[in-house]
Amino acid sequence: MSASTSETAERAADGHGPGSDLLAALLDGMDAALCAFDADGTVTHWNREAERILGWSAEEAVGRRGFEGWAARSADAAEALGRLMGAMEAPGRQVHEFALLRKDGGRVLVRTQSAGVRGSDGAPAGVYCAFSEVHAQIDLERSIALSEALFDDASWGVVLVDVDLRPAVVNAHAARAMGVGPRAPLGRPLGELVGQGVEELEGALQHVLAEGAPRSAADVWVTLRTAAGERRCWRSGFVRLASPLAEEPVPLGVGWLFHDVTEERLAEQEADRLRFRYSQLHRAGAAAAECEDPMEAATVLLDFALAGFADHALIDVAAGERRLVRAAATPEGAPGPVAVVAGGGIPLRYPSGHPALQAVSRTGPVRASATASQQPPEEWAAERHWPRDAVHALCTPLRSRGRTVGVATFLRSASRPPFERPDAVYAETVSVRVAASLDLASGAGTGAH
């Protein structure tokens with residue numbers, strides 16, 4: 001350094017001169033270890049972080065030339081000082097790694113960034129050097145590399161959500177999962193991206209902000225606000241993000257990681273459904289076998305089939321060419337078992353094209369739904385002689401000994417989804433058993449073909 005610069009540095013190190021207290025506070029408050037050398041390689045500044053890493057105090061370090069005899073082995077000291085002082089003439093910052101000695105004698109590998117200092121006349125006056133332990137620097141680089149990899153190449157969706165529960169950063173995988181571009185979700189409420197399920201998702205995020213991350217990942221079912229309105233299941237994990245620079249943890253938001261497990265969950269649900277349904281069939285067969293009255297056996301079979309499948313069930317028996325008579329039904333006003341209808345015998349006035357009549361004609365299952373018609377659901381159900389809360393219907397012919405002996409109708413309310421093809425297969429399996437009981441109840445009577 002120049003004489004005036006060296007004198008100023010010495011006064012600052014000794015605690016003299018205007019601004020020395022401010023300079024000392026700034027240096028000691030830095031998170032990085034910092035030291036400075038004059039043009040001769042003499043230490044002029046040494047902050048608290050440098051003392052923490054190496055154990056040497058500022059009083060012990062300032063005024064020494066280079067590291068020899070205290071902070072480096074003799075074999076390493078000259079090379080270390082030479083590489084540092086080389087930054088005085090080189091442009092920009094220079095990065096080096098070398099071993100230093102702690103005060104307790106232990107060695108530590110440090111990574112330094114050094115740059116030259118110019119005097120008031122523009123001539124080289126010294127060098128300042130920031131350094132950290134190599135493993136700490138590597139940890140930082142790993143963290144940065146991990147962040148970049150998550151947002152560039154991850155096979156999981158990664159979303160950083162701010163404290164207002166709005167996406168701040170979204171990786172490409174997450175954007176594709178949401179059916180939008182990578183920048184489209186930024187700053188928007190989650191409710192604009194997700195329909196059904198947004199309350200559960202926002203509740204999970206608020207919990208993480210308030211209480212911290214849950215112990216395990218969770219499945220979150222959502223319906224996307226896309227043209228297709230897909231329903232997806234996202235296996236989600238959450239971590240709370242807090243500022244490392246604050247004395248008290250300050251929440252910055254939530255890191256949300258997820259991947260799509262819709263196909264796996266649907267397959268598991270279908271397997272569970274099949275196990276339950278065929279368990280019900282087994283129990284129904286055992287219970288029906290104990291019924292002396294075949295008609296009672298038919299109603300018992302339907303009772304077991306209704307569990308988890310439908311809200312109402314009806315049995316219409318054949319009474320001649322394309323005529324059906326209501327024989328048994330669940331109560332219309334409240335839940336209850338399938339019971340024989342008293343005082344039956346009058347053919348039902350089903351309108352042309354009624355699903356039950358279609359099932360007789362086709363000798364196969366027929367599905368219908370109020371959502372596919374222009375009528376209000378109550379009118380749609382009443383016109384078809386069904387309970388007024390019926391919204392979805394499945395009619396299956398009751399076939400025994402090559403004859404149609406009636407029709408079984410399963411009905412769902414608006415709280416359940418429409419019947420699908422697997423539901424029709426199950427209903428046919430139930431109907432085969434119900435038909436056998438009805439055929440036995442009617443003796444050798446003839447039915448509609």
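In this predicted model, Leu54 is in contact with Trp46, Leu100, Leu101, Arg102, Lys103, Val108 and Phe131, when neighbours within four places in sequence are left aside. One of these partners, Arg102, lies 48 residues from Leu54 in sequence, yet the two C-alpha atoms are 4.3 Å apart in space. Leu54 belongs to helix α3, which covers residues 48-54. The relative accessibility of Leu54 is 1%, and Leu54 therefore counts as buried, the limit for that class being under 20%.

Leu274 is located in helix α9, which spans residues 262-288. With a relative accessibility of 38%, Leu274 counts as partly exposed, because this class lies between the buried limit of 20% and the exposed limit of 50%. Together with Tyr278 and Val425, Leu274 forms a nonpolar patch on the surface. The accessible area of Leu274, Tyr278 and Val425 together is about 240 Å².

Helix α9 was also examined with respect to helix α13, which consists of residues 421-441. The axes of the two helices come within 11 Å and cross at roughly 10 degrees. Angles under 35 degrees count as roughly parallel, and α9 and α13 are therefore roughly parallel to each other. On the α9 side, the residues that meet α13 are Glu270, Arg277, Tyr278, Gln280, Leu281 and Gly285. Their counterparts in α13 are Pro422, Asp423, Tyr426, Thr429, Val430 and Arg433. Tyr278 is thus listed both among the α9 residues that meet α13 and in the nonpolar surface patch with Leu274 and Val425.

Definitions and conventions
Residues are numbered from 1 along each chain as its sequence is written. This is a predicted model: local features need pLDDT of at least 70, side-chain atom pairs count only at pLDDT 80 or more; totals for chains, interfaces and linings use all residues. Side-chain values use heavy atoms; hydrogens and water are left out. Helices (H or I, at least four residues) and strands (E, at least two) are DSSP runs, numbered from the N terminus. Buried means under 20% relative accessible area, exposed over 50%, partly exposed in between (1.4 Å probe, protein chains only). Contact means heavy atoms within 4.5 Å. Patches are made of residues with over 30% relative accessible area and no salt bridge: like charges are joined within 9 Å, nonpolar side chains (Val, Leu, Ile, Met, Phe, Trp, Tyr) within 5 Å. Accessible areas come from the Shrake-Rupley method with a 1.4 Å probe; for residues, only the protein chains shown count as cover. A salt bridge is a side-chain nitrogen of Lys or Arg within 4 Å of a carboxyl oxygen of Asp or Glu. Axes are lines fitted to C-alpha atoms, for helices over the stretch in contact, and angles run from 0 to 180 degrees between N-to-C directions. Angles under 35 degrees count as roughly parallel, over 145 as roughly antiparallel, 65 to 115 as roughly perpendicular and the rest as oblique.
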